[in-house]
Amino acid sequence: MKTELIIIGIIVSGFNANAQTMKTEEVPVAAKTKVASLYPNAKVEKWEKEENNFEAELEINKVETSVLIDASGNVLETEKEIAITSLPKAITDYLAKNYHGQRIEESSIIVDSKNVTTYETEIKEGDFIFDAHGNLLKKAASENDKEEKK
């Protein structure tokens, strides 16, 4: 029984290795103030800590949105869920060619502090990051793949 609890604890902590949910009170005032000024009519559904930064997850006009902010309140990037049909054609073509038959489960547009746009797509194989022209920048294993490797 004790061994099973330890294994469950290791698995659960593995899921939170990249981001840890936080209480609102633990988030620096500058980060909370910045989000409130950017989205005065939205409520932060969840705060997460990502390394030394803070991610606010919100829903704005029924669109999942997240904002990554540093402790001083500087916006590092924003991410908004988009319709799959809004992805550049080069991205859908790449996925159709290289991952034939796999459905895009989720897609989003990411804009960083330098106004550089990237796109993230999620399929069974994992998460893919593309530049604004549809060139693959990065592939990350899906949560299921990460779990199987443990």
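A residue counts as buried when its relative accessible area is under 20%. By that cut-off, 29% of the 150 residues of this chain are buried. The model is predicted.

Start with the fold. The chain has four helices and nine strands. Read from the N terminus, the elements run α-β-α-β-β-β-β-α-β-β-β-β-α.

Now look inside. The largest nonpolar core has eleven residues. Its members are Met-22, Val-27, Ala-31, Val-35, Tyr-39, Trp-47, Phe-54, Ala-56, Leu-58, Val-67 and Ile-69. Helix H2 (29-38), strand S3 and strand S4 (63-69) each supply at least two of these residues. S3 gives the largest share of the core, three residues. In soluble globular proteins, nonpolar side chains tend to be buried together.

Strand S3 covers residues 53-60. The loop between S2 and S3 holds Asn-52. Is Asn-52 buried or exposed? Asn-52 has a relative accessible area of 62%, so it is exposed. Asn-52 also has a partner in space to look for. Asn-52 and Ala-71 are 19 residues apart in sequence, yet their C-alpha atoms are 7.5 Å apart.

Turn to the charges. Side chains of opposite charge can pair when their charged atoms come close. How many salt bridges does the structure hold? It holds three.

Take Lys-46 as the entry point. Lys-46 forms a salt bridge with Glu-48, and the closest N and O atoms are 3.1 Å apart. Glu-48 has a relative accessibility of 11% and therefore counts as buried, because the cut-off for buried is under 20%. Lys-46 itself is partly exposed, with a relative accessible area of 30%.

Lys-46 also forms a salt bridge with Glu-57. Here the closest N and O atoms are 4.0 Å apart. This pair links distant parts of the chain. Glu-57 lies in strand S3 and Lys-46 in strand S2 (residues 44-50), eleven residues apart. Glu-57 is partly exposed, at a relative accessible area of 25%.

The remaining bridge sits in a helix. Lys-89 pairs with Asp-93, and their closest N and O atoms are 2.8 Å apart. Where do Lys-89 and Asp-93 lie? Both belong to helix H3 (residues 89-98). They are four residues apart, about one turn of the helix. Lys-89 is exposed, with a relative accessible area of 58%. Asp-93 counts as partly exposed at 38% relative accessibility. As for shared partners, salt bridges join Lys-46, Glu-48 and Glu-57 into one network.

Finish on the surface. Which residues form the negative surface patch? The patch is made of Glu-45, Glu-59, Glu-64, Glu-81, Glu-105 and Glu-106. Glu-59 is a useful one to locate. Glu-59 lies in strand S3. Its relative accessibility is 40%, so Glu-59 counts as partly exposed. A patch residue needs over 30% relative accessible area and no salt bridge. Glu-59 has 40%, which means that it clears the area cut-off of over 30%.

Strand S3 ties these views together. S3 supplies three residues to the largest nonpolar core. Glu-57 of S3 reaches Lys-46 of S2 through a salt bridge. Glu-59 of S3 belongs to the negative surface patch.

Technical notes: Residues numbered from 1 in each chain as written. Predicted model: local features only at pLDDT ≥ 70, side-chain atom pairs only at ≥ 80, totals over all residues. Heavy atoms only, no water. Patch = residues over 30% accessible without salt bridge, like charges linked within 9 Å, V, L, I, M, F, W, Y side chains within 5 Å. Areas by Shrake-Rupley, 256 points an atom, 1.4 Å probe, with all protein chains shown as cover. Salt bridge = Lys/Arg side-chain N within 4 Å of Asp/Glu carboxyl O. Lys, Arg positive; Asp, Glu negative; His and termini not counted. Charge placed at Lys NZ, Arg CZ, Asp CG, Glu CD. Helix = DSSP H or I, 4+ residues; strand = E, 2+ residues; numbered from the N terminus. Buried < 20%, exposed > 50% of the residue type's maximum accessible area, 1.4 Å probe, protein only. Core = buried A, V, L, I, M, F, W, Y, C linked by side-chain atoms within 4.5 Å.
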